[in-house]
Amino acid sequence: AVGAIPEVLDHGRCGYLVHEQNASALANSIEQCRKDSNNSQITEQAYKHIQQHYSHTKNAEAYIQLYESMSI
């Protein structure tokens, strides 16, 4: 859970975040993922979130807005 990763993963709704920076916390998160019966739901949420916020269309729109805001 560093940088913008929590935002990209919608603060854990679209993937697993490890908050502690140690091997046992990572191992626990991997084990939770392995046992979680909601993996298909999380995957679907992640796909929708990425399409809504980080698709090539959204990136292009963001660049256009940036360039237009810089125009004289």
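Let's start inside helix H3, where the buried residues (under 20% relative accessible area, with a 1.4 Å probe and protein chains only) are Ile42, Ala46 and His49. They cover an arc of only 70° around the axis, taken from the directions from the helix axis to the C-beta atoms, which puts them on the same side of H3. This is a predicted model, where local features need pLDDT of at least 70, side-chain atom pairs count only at pLDDT 80 or more, and totals for chains, interfaces and linings use all residues. Residues are numbered from 1 along each chain as its sequence is written, and side-chain values use heavy atoms, leaving out hydrogens and water.

**Helix H3**
- H3 spans residues 39-54; helices here are DSSP runs (H or I) of at least four residues, numbered from the N terminus.
- The other side of H3 has Ser40, Thr43, Tyr47 and Gln52, which are exposed (over 50%; values in between count as partly exposed).
- The buried residues of H3 pack against helix H1 (5-8), with contact meaning heavy atoms within 4.5 Å.

**Salt bridges**
- The whole structure holds five salt bridges, each a side-chain nitrogen of Lys or Arg within 4 Å of a carboxyl oxygen of Asp or Glu.
- In helix H2 (residues 23-35), glutamate 31 and arginine 34 lie three residues apart, and their side chains meet at 2.7 Å, N to O.
- Glutamate 31 also meets lysine 35 in a salt bridge, at 3.6 Å.
- Glutamate 31 is partly exposed at 29%, while arginine 34 is exposed at 60%.
- In helix H4 (residues 56-70), glutamate 61 pairs with lysine 58 at 3.9 Å.

Conventions: Helix = DSSP H or I, 4+ residues; strand = E, 2+ residues; numbered from the N terminus. Expected span 1.5 Å × (residues − 1).
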